[in-house]
Each structure stands twice: as C-alpha cells, then as structure tokens.
Amino acid sequence: MSVAIRTRGLRKSFGSSVALDGLDLDIGTGEVHGLLGPNGSGKSTTIRVLLGLLHADEGQVALLGGDPWSQAPELHRRLAYVPGDVSLWPNLTGGEVIDLLGRARGAVDGHRREELIARFDLDPTKKCRSYSKGNRQKVALICALASDVELLLLDEPTSGLDPLMERVFTEVIRDGRANGRTVLLASHILSEVETLCDHVSIIKAGRCVEAGTLTELRHLTRTRLIVEVDGPPPALHNLPGIHDLTIDGERLSCQIDSAALPAVLRSLSEVHVRSLVSAPPTLEELFLRHYQRS
Amino acid sequence: MTNAAELTARPSRASTVVGVRPALALALRNSRWFWLVWVLLLWAVIPTTAAAYRTTIPDDAAGALEAAALAGNATMRAILGPPYDLLHVGSFTMFRVGSFVATLAAIMAVLGVIRATRAEEETGRAELLRAGVSGRHTQLLAATILGLSCCGALALLIAASMAPTSPAAGALCMGLGIGLTGAVFVGFGAVAAQLTASARTARSLALGAVGVAYLLRAVADGSPNASALHGLQWVSPVEWAALARPYVGERWWVLLLPVVLTLALLAAAFGLESRRDYGAGIRPARPGPAVAAPGLSGAGGLAWRLQRGNVTTWGIGVAIYSLAVGSLVDFFETAAQNPALAERFRRMGGGSSDPRKAFYVAMLGIAVVGVAVFAVQLLDRLHREEDSGRSSAMLATATSRLHYAASYLIPALVMPTALLALAGALTALPSSLAGGKIAQVAQIAGAAIALAPGLWVIVGVAMVLHGWAPRLLIIPWIVVGWSMVANWVGPVIGLPEALLKFTPFAALPHLPAEQMSFTAVLVETAIAVGLVAVGLTGYRRRNLG
C-alpha cells in the first residue's frame, strides 16, 4: 500500500511549550485516518506542519510524495483543508468564498458545488459576517469537499454543526472513501472517529502512543462481560487475563483480555448461565486507558 | 382557558430602562480612554489657536489686510467656515478652528455612541447584559447619557479656557455651540445604530451624515453672500455653532436648533429600538452574490476586493484635498507679504524664498505623509489577515507565500505612488488652468514622484517586519508619525533642523525649490529594494500563525 503521509520524529516547540515531541505518523493512500487526542495534544500543530504553514524544528515529513515546507503550492493543488475554527472575510458572501478558495486551488466543479450547498442547506448569498459558527464551518466544508483532491486534512471539521449536518458530513466522507480519497480527520469526538475511520492514531503530548486499524486496536483492549448464573459462579479469578472481577451473589462482572476469551467461555459453559452481556471495547475505553495512565 | 396575554402583567414604561446605572458604568469603563483622548484633543485645539492669534494676524495694517484677504477667499471660507470678525481673537478662533472642531466633535459623538450600542450588540456581548436585569432601552440610554455628558464636558472646557477673551458670553456661546453640535450627532449615531445589524454600516451611515453636513457647509460658505447656495448654511448642523456668532453679537436662539434636532433624533432612535428585534436592524441585511465574480480569483483578486473601498476613499479624499489646497496658491502669495508668515512659509517650503515654489514644496511634503499612511495601511492588511486566521485559508490552496505577500506588497508600492503623482498634478491644476501654464501640472506631478522613494523605504521597513518580526509592526507607524510632525508642523513650531531631517523624505530633492538629485533618489530606491527583498525572504521562511 502506498503512503500518503509519513512523519518521523517531528518536533516543534513554541517558546518553552513543546507542541510536538517526536511524532511518527503513517497514513496509507485511501485510508480514512482518525487523529485522536484531547485539546492541546498537538493535532492542529501536526496539520499545520503538514500544510507547510509551520516549519518543524526536527524530523521528516513526506506528504503525497513531496515536502510540504518547500513544495507547498504544488502539493496544495492535490489537497484541501478545513480548520476547526473557520474565520472568513466578513464582507464576502459564502458563495464568493467557496469560489475564491476553489479557484485558488484549481478549478471549481460547479455541479458538485451546487449539490453540496443543497445537501448542507447553506444560503450562499449571506455575508460571512452574519453566519453562525456552524454556517462558517459549512462554507469551509463545502469548499473542501467540492474540490477534486486526493487528500483532505480536516481539523475538527464538525465543531458547530448540528446532528443533521454531521450526518451529511459522514455521508459525504464515506462517498469520498469509496472514490479512494485519503482523509486525515483530527478530532476529539470519539464517536465520529469510530463511525468514519478505518485507521486511528492516538496522540498524547505531541507523540503518537497508539496506531493501527480500529480492529487491531480493539484487539488490544478488553471486553466487558456481565454474567448472571444459577448457583455459584465459576472460579474465574484463577484464569490469566481477567481484570476487575466482582462477584455479587449470582452476578459476576469482569473485563477480559482478548487472548483470555476462549478460556473464559469454556469455564462459563460448565455452569448454568441465565443471562450474558458482553460489550465490545469502545474507542473511548481505549482512549481513556492511555490518558488515565498518567 | 386563559390566554397568554391575560397571564402577563401590564409592563411599566420604566422597565425598558431598568439597570441604566450599571450599564452606564460599564459603557464608561469600556470607552473611558476613547472619550478622554477625544475630548482633551479637541478642546486643546481651541486655546492653542487663540494663543497663536497675534503671530498669525499682527496688530497693524498688514494684519488687517491679511484678515480681509482671508475673509475674501472662497476656498478658505469653504474649508474653514464663515468669517465674521477676524480682528477679534475669539471670532478669529471660531473661524480658524471652530467649525473644524465642531465637525470633529460630530465624528467623536457618532463613533462613541455606535461603539457603545451597535458594536456591543454585533459582537454578542450585549446579549449577556440584556439577559440580566436590563431593559430594551437600557444600553441606548446609557450610551446617550455618556455621549451627551462628554459633549457637555467639551463645551465647558472650551468655555472656561476661552473665558479670559472678552466678552465671556462669547466663550460660553462658542463652547455651547460646539458641544451641541456633538449632541446632534449623538442623536444621528443613536439612530444609525438602530438601522443596520452591522456596526460598520451604521458607522458609515452616520459618518456619511457628518460628511454631507460638512459638504453643505463648505458649498454654502464658499458661495458669495448673494448666492442662493449661501442659504444652505442653515441646513448644516455643523454650521450652527458658527451661525450663533460667538463674540460678534451672540444669536443665542440659533442654539435652539441643535437642541430641538437632538431631542427629535433621540426620540426617533428610542422609537426605532422599540420596533426592532435584538441583534437585527430596521433595514434587513441584503443578500449578496451567490457566485463570485470572475475577478475574485486568487490572492491578487482577493486583496483587491478587500482593499478597493479603501483605495477609492483615499483617491477621492486626496483629489479633493489637492484641488482645494491648489486653489490657495495665489492667496498664499499675498499672505507672504507678511514677513512673519513669509519666514514660516520659507521654512516649510524647503528654504525657497519664492513663495509659489515654497508653497508647492510644503504642500507636497504634507501630501506625501498622508499618502504614506495609506501605503502602510495597505501592507498592514497582510498581517491583519494572518492575525484573524484567514491567511491560512488562502495559503492552504495552491498560492505560494511569495505570491500571497506580493498581492499586498505590490499595491502598497504602486497605488500610493500613483496617488502621490495625482496629488502633485491636482495641486498644480487650479493655478495652471487659471494661468494657462499646463506644463506646470506635469512638473509638479514629477516633483511629487521624486518623493516616492521615501514611501518605498517605509513600505520596505514594514515588509522586513512582516517577514521577520510582525510584533514590531508599530515601527512603520512611528516613522510615519514622526514624518507627520516634521513635515506638517515641525518648521512652524520651530523644531531643530537636525530633527526635521530625520525622515525618509528629507534627503530627497524637494522640487521645484531644489535641484533634482538623482543620487538621493537612486540610493533610497536601492535601499527600498533591499528591504523588500529581505522582508520577502523572511516571509517565506517563518512560521505563519
């Protein structure tokens, strides 16, 4: 699989505050890649380095086979960017901004532009000064999504959108994935990443602490199990890979490492199980595990 | 079943202005410097002018001659106002700066009221207040009280400082006249703030009213007394202070005009505020184009779109100014018969003893600094775009940094240069037309262009800072500010020559009084080119916010 974005050992500090501290990132072509991290973890700095707006103090960056610092304009023809906090020119209308930025990147696909304006329900004749935050966000999204580019860099793109518009966004991104478009989605909204992304990198204090496909990552985490039995519960505490085991009369709950699942199921089959609830690991648990460790 | 109307208690009228005391305290806290600086600066102009009276109009036959020439000159009347008795210090002060200060007080009032009302509402800060114990009119009432009080303070300061010039009634009349002009425009500002949802548009509307008032005044005062146009002076609120004739048999009843108009405008403003929704204007926002015009493409198209209003305003302003001062050259020659004034003109005019040449040198020196303000403003937009986070939207497209910076830099070099040439040509035009010496237009335009390298150096300094240290972008403004002091008032207030030489314009040839010096022009041009190159290199290499 070819590589759309690769960084090695990226470092960037602003005065005494360290924003990136040796960030390694690998994003394959055609991936919808979630960049997860709370505020201040370095997501936006990463994207600004990838755009060539910031120069990394150390480390290497390759984006679409080029160097974003020295080849920005050529690379930018092939990508589109949506910031999390969109500020627009107050005296221009939304439609004018969409055309302006589209033309500055290359040609504007008029048909796609109209379609997206309709889907996102935007009034393009309003001056940007009168748009709400959500509407400004829509302008930036339409502008990016209407362009025929290989890569989308999205920095918390749905902040300010209502749930209906979030759904439209999800649909449009999925259409793009079907067409082989690469997407980097920086976000702290776990459900959004979970629905959209096939790959995830979790960053913490400017480093990548976990990366892989969502399936792989789930594998690293535990399944939660709640069982009610008739009679005495099975003696699970002797098995390896069992955590947080609590037994409350006939009710038993625990967390199980993926590797321990077969053994647990075997011992459960020996007792009379009245009910069984098993919850797959969520991204949230995964995320919290990294952030609660500190 | 009870309907909703029966469930609501009958509102009292006072509930719409409840909480005015804390609102007033907040408005004062938010704009104390604004009002303080404006009121003190405007006030200071009056006693300063009165103090300089005898050096301008000496107490002899030459002074009387000069006063007559001033009163008879249509351009002077159009710029300054009606001359009633220029041989009395109070009346002269009213003529020389009174209407001017009244007009500035109008601008102060408009800006002050809108900043405390519509601007607060547009940013959404007022919403927090409105949701508290506060009525519909509370904020407008607080802004009005504050504006009227500050106009009152200005009136009292003027009256107190002019009281020693007898009669004291004249001083009071002058202070009240100017203060009441401000009050009228507190009213205009309050009305404009109700009309549109945008503070910027409200400001333009209200400042437009000031502009129209000034223009009516200028047309009326510039016309001969017998002309029908002369009667227009009664229509212009910024003329009423002069029409009350301080020191020349005060006509107190004239001051009723601003009182009545202020009350009417305020009543209209409060009435309008009752008829509109919070955050909305009476005039709904008009939709704009859904599709960008072909010209709005790329960084250059965007830069032009953002700056075109500014460029047009400056173009018109410089054209009107240049034509007006250009028509004064003959008057200037007459006035130079007064030796004290001749010496002042000689110093302002680069040392030329020919008053016409000195006049052009002095006027170009004033114009070039004005144009420098325009140049720095044009380039500063580059930083404002970055500061507001909008430049990253453009730089995330196929726009290179060099191209992006150039789309602000090139207009900042070219347009001020063109404007400077225009200023030179139009300053020379009126007397050239009258004297049939059209070649002089090109000559003075050339003289203006000889000063352009100074503009380019200032833009170059600004570009270096954009590239390397945007935090220090105040420096070009300091250079421009100092040039303003040196070229506008320096020679008159007697600053040492060595200090006056410390501007980017001093080393350049001051045509037509001096000989052309290509060395100075080429050296400064080369410095400017170097600065621009260094600045662009920095802009390509630094982190962009």
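## A covered strand in chain A

How many of the six residues of β8(A) are buried? The answer is five, so β8(A) counts as mostly covered, where buried means 20 or more other C-beta atoms within 10 Å of a residue's own. This is a predicted model.

Strand β8 of chain A spans residues 199–204. On one side it pairs with β3 (residues 32–36) of chain A through four bridges, and the two run parallel. A:Leu36 stands opposite A:Ile202 in this pairing. A:Leu35 has A:Ser201 as its bridge partner.

The other pairing of β8(A) is with β9(A). It is antiparallel and uses six bridges. Here A:Ile203 stands opposite A:Cys208. The two strands form a hairpin with two residues between them. In that hairpin, A:Ala205 takes a positive phi near 45°.

## The six-stranded sheet

These strands belong to an open sheet of six in chain A. The order is β5-β6-β7-β3-β8-β9, and the pairing is mixed. The edges are β5 (79–82) and β9 (207–213). Each has a single partner strand, so one side of each is left without a neighbour in the sheet. Neighbouring strands are turned by 15° against each other on average, direction ignored.

Helix α5 (residues 133–145) of chain A lies across β5 and β6 (151–155) of chain A. Its direction is at about 170° to β5(A).

## Strand β7 inside that sheet

Is β7(A), residues 182–187, buried or exposed? Six of its six residues are buried, so the strand is largely enclosed by the rest of the structure. In a regular strand the side chains alternate between the two faces of the sheet. Both faces of β7(A) are covered. A:Thr182, A:Leu184 and A:Ala186 are buried on one side. A:Val183, A:Leu185 and A:Ser187 are buried on the other.

Strand β7(A) has parallel pairings with β3(A) and β6(A). Five bridges join β3(A) to β7(A). Among the paired residues, A:Val32 has A:Val183 as its bridge partner. β6(A) and β7(A) also pair over five bridges. There, A:Asp155 is matched with A:Ala186.

## The four-stranded sheet

Chain A also holds an open sheet of four strands, ordered β11-β12-β10-β13. Its pairing is antiparallel. β11 (242–248) and β13 (272–279) stand at the edges. Each has a single partner strand, so one side of each lacks a neighbour in the sheet. Neighbouring strands are turned by 15° against each other on average, direction ignored.

Strands β10 (residues 222–230) and β12 (residues 251–257) of chain A pair over seven bridges. A:Arg224 has its bridge partner, A:Gln255, in β12(A).

## An exposed arginine

A:Arg266 lies in helix α9 (residues 261–269) of chain A. The residue is exposed, because 11 other C-beta atoms lie within 10 Å and the cut-off for exposed is 12 or fewer. How far apart in space are A:Arg266 and A:Glu58? They are 52 Å apart, C-alpha to C-alpha, and 208 residues apart in sequence.

## Where chain A meets chain B

30 residues of chain A are in contact with 28 residues of chain B. On the chain A side, α2 (72–76) and α3 (94–105) are the elements that give two or more residues. The largest share, eight residues, comes from α3(A).

What is the character of the side of chain A that touches chain B? Its residues divide into 13 nonpolar, eight polar and nine charged.

## A two-faced helix in chain B

Helix α13 of chain B covers residues 256–274, 19 in number. It reaches 27 Å from its first C-alpha to its last, close to the 27 Å expected at 1.5 Å a residue.

B:Pro258, B:Thr262, B:Leu265, B:Leu266, B:Ala269 and B:Glu273 are buried in α13(B). They cover an arc of only 100° around the axis, which puts them on the same side of α13(B). An α-helix has 3.6 residues a turn, so residues three or four places apart point the same way. The cover over the buried residues of α13(B) includes α9 (138–162), α10 (168–195) and α12 (240–243) of chain B.

The face turned away from the buried side carries exposed residues: B:Leu256, B:Val260, B:Leu263, B:Ala267, B:Gly271 and B:Ser274.

Notes: Residues numbered from 1 in each chain as written. Chains lettered and ligands numbered in written order. Predicted model: local features only at pLDDT ≥ 70, side-chain atom pairs only at ≥ 80, totals over all residues. Pairing = 2+ DSSP bridges. Axes fitted to C-alpha atoms, helices over the stretch in contact; angles between N-to-C directions. Contact = placed C-beta atoms within 7 Å. Nonpolar A, V, L, I, M, F, W, Y, C, P; charged D, E, K, R; others polar. Expected span 1.5 Å × (residues − 1). Arc of directions from axis to C-beta.
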